[in-house]
Amino acid sequence: MQITIRLTALLLLGLLQINYVMADQDAATNMLADTCVACHGKDGNSVGPAIPSLAGMSPNYLMGAMLAYKYDDDEDKLDSVIESDTDFEDIEAFPRYSTIMGRLAKGYTEEEIKLIAHYFSSETPVRPTQAFDSTNAAQGKKLHDKYCEKCHEDEGRLADDDTGVLAGQWKPFFLYSMSDFKQGHRAMPKKMKKKLDEMAETDGPEAIEKLADYYSSITE
Ligand code: HEC
Ligand code: HEC
């Protein structure tokens, strides 16, 4: 009898401790994410328009972006950090230009980046209402299906592609990203570059504007 009571007490104590550690970790993550939320909005749903929403993006994409910002001027270091950590094994990070994030990301450790990435990934995206041209949006949908859907599935909603989220992303941010890719300020997979070049040749520079109208027309 006494042994049972003791065992139960020990078990309860253990459970309490586990709960305590988990609550502690949640609080730490919230504190870390607070800084981000100031710009990226509550739960990572930005009130825009030049700052991207992060909610619902895949952990791999978010970690890759943060690591790319953190090691922006040192590609060898970026590669070696990714190779040396099994939590990063499915990440393909592409160097990218930034106005703010490069400086900010340097203040976070790899472990903090993991916690923050999982936090924003678990939040539900809220897609804002944005002005768009509906003729453009209809043509943009066709362009998306032809050139982008293969890697940005489900109209650019699917997080598991590890390609960010295009559906309902803020239009100015999308246009900045496309301009960064075009000018070579942001790296991308070779196959995406091939599609962008093909699109520019066949459909002209206005294709980007049409895609922007299409993605910003998506509110669900
Ligand atoms: C002062 C405002 C500000 C703060 C604070 C901030 N961000 Fe950003 N974030 C930006 C801007 C602006 C961009 C676009 C890139 C750039 O120009 O720096 C961006 C881009 C990003 C992207 C790329 C999204 C994409 O679709 O590719 C990620 C990921 C990101 N931020 C994560 C974070 C995290 C995590 C934090 C907190 C640790 C954070 N940001 C804090 C302003 C901010
Ligand atoms: C071969 C696969 C592939 C194709 C095709 C492709 N993409 Fe991508 N795209 C990617 C990957 C991978 C990333 C993530 C890059 C990174 O991590 O920085 C990406 C990222 C992006 C981003 C940045 C998202 C963000 O949140 O910052 C935009 C914008 C984008 N793609 C637009 C397009 C458009 C528009 C098309 C069609 C014209 C297209 N892509 C076709 C693979 C592809």
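Is Asn 30 buried or exposed, and how many C-beta neighbours does Asn 30 have inside 10 Å? In this predicted model, Asn 30 counts as exposed, because just 12 C-beta neighbours fall inside 10 Å and a residue with 12 or fewer is put in that class. Asn 30 belongs to helix H1. Despite a gap of 89 residues along the chain, the C-alpha atoms of Asn 30 and Tyr 119 are separated by 8.3 Å.

Stepping back to the whole chain, the fold has 10 helices and 0 strands. Read from the N terminus, the order of elements is simply α-α-α-α-α-α-α-α-α-α. Of the 220 residues, 28% count as buried. Among contacts with a separation of 6 or more, 75% come from residues 24 or more positions apart.

Two ligands come with the chain, and ligand 1 is taken up here before ligand 2. Around ligand 1 there are 19 residues, and those that come nearest are Cys 36, Cys 39, Ser 98, Thr 99 and Met 101. Helix H1 (2-40), H2 and helix H4 (101-105) each put at least two residues into this shell. H1 has the largest share, with 5 residues. In terms of domains, domain 1 (2-40) and domain 2 (59-121) each contribute at least three residues to the shell around ligand 1. As for residue classes, the surroundings of ligand 1 comprise 14 nonpolar and 5 polar residues, with no charged ones.

Ligand 2 has 24 residues around it. Cys 148, Cys 151, Gly 164, Lys 191 and Met 192 come nearest to this ligand. Its shell takes at least two residues from each of helix H2 (59-70), helix H8 (171-182) and helix H9 (190-203). H9 gives the most, with 5 residues. Where does ligand 2 lie with respect to domain 2 and domain 3? Ligand 2 lies between them, because domain 2 (59-121) and domain 3 (134-217) both give residues to its shell. The class breakdown for ligand 2 is 15 nonpolar, 5 polar and 4 charged residues. So charged residues do turn up around ligand 2, whereas the shell around ligand 1 has none. H2 is worth a second look, since it supplies at least two residues to the shell around ligand 1 and also at least two to the shell around ligand 2.H8 also packs against another helix. Two packed helices are described by the angle between their axes and the distance between the axes. For H8 and helix H10 (residues 206-217), the axes come within 9 Å and cross at roughly 145°. The handedness of this crossing is right-handed. On the H8 side, the residues that make the contact are Lys 171, Phe 174, Leu 175 and Met 178. Their partners in H10 are Ile 208, Ala 212, Tyr 215 and Ser 216. Sorted by class, the H8 and H10 contact holds 6 nonpolar residues, 1 polar and 1 charged.

Helix H9, the element that gives the most to the shell around ligand 2, also houses Glu 198. Glu 198 is exposed, because there are 12 other C-beta atoms within 10 Å and the exposed class takes in counts of 12 or fewer. Glu 198 and Tyr 147 sit 51 residues apart in sequence, while their C-alpha atoms are 8.5 Å apart in space.

A few backbone details round out the picture. Gly 48 and Pro 49 are joined by a cis peptide bond, with omega at about -10°. Pro 49 is located in the loop between H1 and H2.

Helix H7 (residues 153-156) has its own backbone quirks, and Asp 154 is part of this helix. The phi of Asp 154 is near 55°, which is positive even though the residue is not a glycine. The next case is Glu 155, also in helix H7. Glu 155 has a positive phi of about 60°, again without being a glycine. Which of the two classes, buried or exposed, does Glu 155 fall into? Glu 155 is buried, because 20 other C-beta atoms lie within 10 Å and 20 or more is what the buried class requires. Asp 154, by contrast, counts as exposed, with 12 C-beta neighbours inside 10 Å.

Notes
Residues numbered from 1 in each chain as written. Predicted model: local features only at pLDDT ≥ 70, side-chain atom pairs only at ≥ 80, totals over all residues. Near = placed C-beta within 6 Å. Helix = DSSP H or I, 4+ residues; strand = E, 2+ residues; numbered from the N terminus. Nonpolar A, V, L, I, M, F, W, Y, C, P; charged D, E, K, R; others polar. Domains from an automatic or database assignment. Axes fitted to C-alpha atoms, helices over the stretch in contact; angles between N-to-C directions. Left-handed = near helix turned anticlockwise from the far one by under 90°. Contact = placed C-beta atoms within 7 Å.
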